[in-house]
Amino acid sequence: MSNHPDFPAEQQHLADTIEAMKQIIKDLENDMDDRVHRINQSLSKKDEVSAYVHSLMKSDHAIKASDIAKALDNPYFGRVDFREDGAEEFDQYYIGRTKVAKLDIESVKDILVFDWRDPVSTIFYEAQDGRASYEVLDRYTYTGDVKLKRQYKIEDGQLISMSEDNILSKLMSRQQESLIADPFLLERLLKGAGDRLKDIVTSIRSEQNQIIREPLNQVTIIQGVAGSGKSTIGLHRLSYLLYNEKLNPAKLVIVAPNKIFLDYISDLLPEIDAQDVKQTTFPDLAAAIMQIEPDISQAIADSEPLATVARWKGTPEFIKVMEIFLDKRLEKFCLKLKEISLFEGQLIINREQQLEKVVEGASVPYNERLRSLQKYIRFRVRNFVEVYEARVKRGEARADEKTAARYAAEGDKFIEQHFAKWPFLGLLDGYAELIQDKQSWRKVKPYGVDVELLSAHTQTTLAAGLVERDDLAPLCYLKLLLDGLTHVEKFDHIAVDEGQDINLLEYIVLSRLSRNTSFTIMGDMSQAIHTDRGLTSWQALLKDVFDEAKCRYYEVNFSYRSAKEIVDLFNKVIPSGRSKAIPVYEIGRKPVIEQAPSAMTALTRTIETIEEFQKLGCKSIGILTKLEADSQKLYEGLQSAAPHLTNLNVITASALSYHGGITVAPIILAKGLEFDGVIIWNASDKKFTSDFYDAKLLYVALSRAMYYLHILHQGRLTPLLK
Ligand SMILES: Nc1ncnc2c1ncn2[C@@H]1O[C@H](COP(=O)(O)OP(=O)(O)OP(=O)(O)O)[C@@H](O)[C@H]1O
């Protein structure tokens with residue numbers, strides 16, 4: 001749109017802005033020099049407080065100067081013209097990645113560019129019907145008219161093009177806003193997957209903006225179809241919270257399904273100033289809670305009864321068994337407590353005094369109760385000896401050194417022996433004991449679960465020096481009941497991606513790590529592909545874990561990832577009753593479904609399809625198999641049959657990084673990722689029956705594709721695609 005009548009004026013505005021930015025950088029640098037001088041002056045007057053304030057300002061200005069310098073090439077990407085109700089004039093607001101403001105801000109005109117996370121920027125993202133409002137500090141709401149929304153493409157400080165949404169004229173002509181008509185979004189969506197997840201600050205959609213700007217201290221749940229931007233929105237929300245709530249990034253954590261996914265989002269975080277946010281997986285977090293790192297068994301629940309056991313271990317019911325078990329143990333301990341009589345009966349610690357120490361305080365961990373009594377007894381014994389020794393020193397008639405030495409020895413011996421058999425409980429020993437404690441289980445009677453199987457299976461795993469993934473949450477909770485969680489830092493905000501794969505007990509554990517029940521949870525119930533773990537519904541999470549918290553639930557159904565032709569296909573596979581995806585762009589090429597008479601032909605056709613995709617411009621290609629073993633075999637097959645294919649990689653369960661290029665992966669590990677083109681290795685009726693889980697697995701596989709999809713099947717095609 002370089003022939004737009006405003007283009008020259010916008011070019012001039014850009015040049016003026018860049019000049020002004022250079023001047024601001026100079027002003028900041030001068031101010032920093034001045035601060036150095038003032039720091040020295042303050043120090044010479046021993047005024048450490050002002051020296052500290054000047055040094056804070058100096059480092060603050062250093063960061064500002066460097067941020068503005070980085071933005072010189074591309075200071076802003078958008079503009080919105082807004083007139084607050086009651087005002088006469090429309091004001092122009094330029095929106096960029098970094099705020100650019102003069103040193104002394106006297107009026108809004110001194111802010112040359114607003115940061116995309118500033119409250120006012122919301123009108124840029126949400127202005128669609130000519131009206132918009134934004135809130136400041138959750139208290140003041142400004143409402144008004146929006147006349148114009150303009151987007152710019154700027155490279156190396158030069159205005160390349162601009163596009164605009166003339167809202168008033170659109171309203172007058174009653175033209176409907178169409179997503180596909182947004183040229184900037186379209187250009188962005190057609191850019192290709194690349195190696196990693198990308199930032200979307202220039203093209204955040206209105207409904208996404210609302211989610212990003214939800215308040216901090218609540219549970220925000222984003223249920224969205226595949227490719228609806230859940231991960232992207234969740235991460236931008238972290239950036240928003242860091243900026244507006246001035247949080248310490250180390251107090252924010254992203255809990256993701258695996259290391260591959262964390263690597264996949266690693267490029268996006270620095271782009272949105274969220275690089276210092278902690279990133280982890282539930283097993284890693286569990287290791288920090290448990291203070292041990294047991295080896296995790298890779299075995300999967302391969303029978304329905306075992307899957308039931310695994311699922312049950314993730315329910316809040318398990319907490320009841322743990323509580324009964326520990327209460328019983330403590331009761332037994334209390335029953336055994338006896339009066340302590342020492343030093344010829346001069347020191348008596350009676351049963352009641354001891355019991356008081358054990359039962360004192362609500363929700364005190366089990367070992368802590370024992371420790372507290374232990375401390376008390378030790379104190380009383382040592383205190384007696386010390387008081388006696390002091391009496392000797394003072395030369396009291398009825399105290400002598402010999403007796404003092406005898407009492408000291410008696411006290412030491414008592415302390416050494418008395419606590420030797422106290423029933424302190426270690427985590428793994430406690431878990432093993434709990435699993436076998438029939439009485440505790442009898443009281444809870446877990447419905448539909450074979451307790452004998454649960455006990456035998458878990459004992460076998462523990463005896464092999466292993467634990468299973470589904471043991472981690474109970475172990476974490478048991479740790480809480482045994483020793484408390486004071487050794488683990490609490491987070492100001494927890495973001496959970498692929499939240500449908502985290503079970504209720506895991507969420508309960510996470511909630512214990514959250515300072516103000518502050519969560520963003522992103523997930524898709526249609527992608528819950530684990531038979532043995534995860535959530536059954538968001539409602540269950542809200543009821544069983546967050547019933548007392550403030551919650552906001554969003555559903556997002558636009559699929560920004562996949563072209564219409566692919567969305568139309570995977571919509572067929574989405575389990576009935578669940579929301580279908582709404583496509584936002586088309587590519588003009590339908591997915592291909594092709595039968596391969598043999599594994600050999602399938603291999604040849606895979607190689608040919610990779611080459612075809614590459615000719616079409618695909619930079620990232622995913623070849624997805626149902627099982628991990630199939631991926632490994634296929635990868636080896638491709639390596640020997642097509643040595644010319646460069647950047648060929650395979651993803652395994654233990655993989656730590658994602659390399660892009662051509663990736664062979666089991667569907668389960670490709671979750672969350674996206675590729676320009678996808679080849680499904682074998683969508684036969686044997687691999688994907690009409691089973692509920694197979695349908696969800698196939699949905700995940702198909703929805704990894706952005707533009708091109710090629711489905712091979714050896715034998716008959718899965719009924720899910722007919
Ligand atoms: N407003 C937007 N502008 C441009 N691209 C967008 C926008 N929203 C989402 N996208 C793109 O859509 C794609 C899918 O996003 P993302 O991976 O976050 O989706 P998701 O819902 O987490 O997907 P899945 O559940 O399948 O893992 C990404 O390429 C992302 O950059």
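Me: How far does helix α19 (residues 469-483) reach from its first C-alpha to its last?

Reply: This is a predicted model, in which local features need pLDDT of at least 70 and side-chain atom pairs count only at pLDDT 80 or more, while totals for chains, interfaces and linings use all residues. Residues are numbered from 1 along each chain as its sequence is written. Helices (H or I, at least four residues) and strands (E, at least two) are DSSP runs numbered from the N terminus. With 15 residues in α19, and close to the 21 Å expected at 1.5 Å a residue (1.5 Å times one less than the number of residues), the reach is 21 Å.

Me: Why is α19 largely enclosed by the rest of the structure?

Reply: A residue is buried if 20 or more other C-beta atoms, placed from the backbone, lie within 10 Å of its own. The helix α19 is largely enclosed because the number of its 15 residues that are buried is 13.

Me: Which residue follows α19?

Reply: The residue after α19 has a positive phi, near 80°. That residue is Gly 484.

Me: Which strands are at the edges of the open sheet of six strands?

Reply: The order is β10-β9-β15-β16-β8-β17, with parallel pairing; two strands pair if DSSP finds at least two bridges between them. An edge strand pairs on one side only, which holds for β10 (278-281) and β17 (551-556).

Me: Which residue in β15 is the bridge partner of Ile 254?

Reply: Strand β9 (residues 252-256) runs parallel to β15 (residues 493-496), and four bridges join them. In β15, the partner of Ile 254 is Ala 495.

Key: A residue is buried if 20 or more other C-beta atoms lie within 10 Å of its own, exposed if 12 or fewer, and partly exposed in between; C-beta atoms are placed from the backbone.
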